[in-house]
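This briefing introduces one protein chain to a reader who is new to structural description. Please keep the sequence and the structure in view while reading.

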Amino acid sequence: MQSVPQLGGRVTDQTLTLDPPQKQTLESELAALERRKGSQIAVLIVHTTQPEDIAQYAIRAFDQWKLGRKGVDDGVLLIVAKDDRRMRIEVGRGLEGAIPDAATARILRDYVKPKFRDGDFYGGIHDATGALVKLIDGEALPSVDEPSKSNIRYNKDIVGNPLFIVFVLVLLSIVLRLLLFFLPTLIGGLVAGGASAASAWYWMQAMDWTTLPSFFTACISFLLGLILCPQPGGRYAGGSGVGSFDSGSGSSSSSSSDSGSSSSSSSDSFSGGGGESGGGGSSDSW
């Protein structure tokens with residue numbers, strides 16, 4: 001099975017069929033379409049897709065590159081397998097109304113095939129992308145300035161997103177850790193308060209000095225309250241047993257060394273917007 005190349009531009013030519021000026025012209029026209037409509041068209045020229053059929057290979061490439069906007073799925077892939085003499089236009093689901101299978105079949109038959117048979121590969125590809133651009137321009141698509149519309153499906157599926165589940169689990173673990181961390185302090189405070197109240201009551205009962213055992217009980221209760229009473233900083237006065245906490249030992253280990261490692265995507269880079277295939281397409285040979 002042939003591997004799908006990494007997406008590095010709107011035109012990926014592994015056969016060196018197109019010269020740099022031709023490639024740059026296609027890149028500029030397709031970039032202008034994306035700025036204007038938001039849709040993405042990519043061109044892929046490979047030697048062969050064998051033993052895989054070009055239709056299956058095109059779907060793999062489309063889904064790996066994620067052409068088109070997420071939730072809009074307005075991407076198109078024109079793929080040429082030069083040694084196989086096969087070609088295909090794969091369309092995203094969001095453009096199946098503007099570019100139906102009949103339209104892709106007509107473009108391949110009337111625009112691409114005659115030029116390819118004459119050896120004019122650039123002419124066939126340029127005519128095909130030009131026809132696709134006209135069809136996309138005539139379609140009412142979400143505006144480039146309205147990202148919320150292109151994220152409707154993402155917002156609906158956020159609960160089932162693995163990243164969201166991981167975030168919830170991490171948040172729960174932090175909450176539980178805080179509860180376990182401060183629970184001994186809370187228990188100690190309740191016990192200390194109860195012990196203090198009991199000591200005050202016993203002290204009042206022992207004021208006549210006739211019930212000496214009550215006086216000793218009051219003293220013991222008072223000392224117990226002092227021992228269990230939590231001190232500022234989170235450490236019990238009774239020592240550093242289980243649940244004790246040293247507020248000064250929090251060594252900050254979060255380094256900000258990544259502040260300089262910003263994203264290095266240049267203005268010439270090209271990446272898919274998260275779209276999916278599924279809108280159909282057509283294959284042909286020359």
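How many residues does helix α2 have, and how far does the helix reach from its first C-alpha to its last? Helix α2, residues 54-65, has 12 residues and reaches 16 Å between those two atoms, close to the 16 Å expected at 1.5 Å a residue. The model discussed here is predicted.

**The chain as a whole**

- The chain contains eight helices and five strands.
- Read from the N terminus, the order of its elements is β-α-β-α-β-β-α-α-α-α-α-α-β.
- Of the 286 residues in the chain, 34% are buried.
- The chain exposes about 16,500 Å², and carbon and sulfur atoms supply 60% of that area.
- If one takes the contacts between residues at least 6 apart in sequence, 71% of them join residues at least 24 apart.

**Helix α2 and its surroundings**

- The buried residues in α2 are I54, A55, Y57, A58, A61, F62 and W65.
- Viewed down the axis of α2, these buried residues fall within an arc of 160 degrees, so they line one face of the helix.
- A general rule of helix geometry is useful here: an α-helix has 3.6 residues a turn, so residues three or four places apart point the same way.
- The cover over the buried residues of α2 includes β1 (11-13), β2 (40-46), β3 (75-81), β4 (86-91) and β5 (281-285).

**The two ends of α2**

- At the N-terminal end, D53 acts as a cap of α2: one of its side-chain oxygens lies 2.9 Å from the backbone nitrogen of A55.
- Just after α2, K66 adopts a positive phi of about 55 degrees.

**The nonpolar cores**

- The largest nonpolar core has 32 residues; those that touch the most other members are I41, V76, I89, I99, F116 and I136.
- At least two residues of this core come from each of α1 (20-37), β2, β3, β4, α3 (101-117) and α4 (121-137).
- Helix α4 gives the largest share of this core, namely eight residues.
- Which residues does I99 contact, leaving aside its neighbours within four places in sequence? I99 is in contact with V76, V91, T104, L132, L135 and I136.
- A second, separate core has 16 residues, including V4, L7, F62 and F270.
- F62 also belongs to the buried residues of α2, and this helix therefore has a member of the second core on the face lined by its buried residues.

Technical notes: Residues numbered from 1 in each chain as written. Predicted model: local features only at pLDDT ≥ 70, side-chain atom pairs only at ≥ 80, totals over all residues. Heavy atoms only, no water. Helix = DSSP H or I, 4+ residues; strand = E, 2+ residues; numbered from the N terminus. Expected span 1.5 Å × (residues − 1). Buried < 20%, exposed > 50% of the residue type's maximum accessible area, 1.4 Å probe, protein only. Arc of directions from axis to C-beta. Contact = heavy atoms within 4.5 Å. Polar contact = N/O pair within 3.5 Å; in protein donor to acceptor, adjacent residues only side chain to side chain. Core = buried A, V, L, I, M, F, W, Y, C linked by side-chain atoms within 4.5 Å. Areas by Shrake-Rupley, 256 points an atom, 1.4 Å probe, with all protein chains shown as cover.
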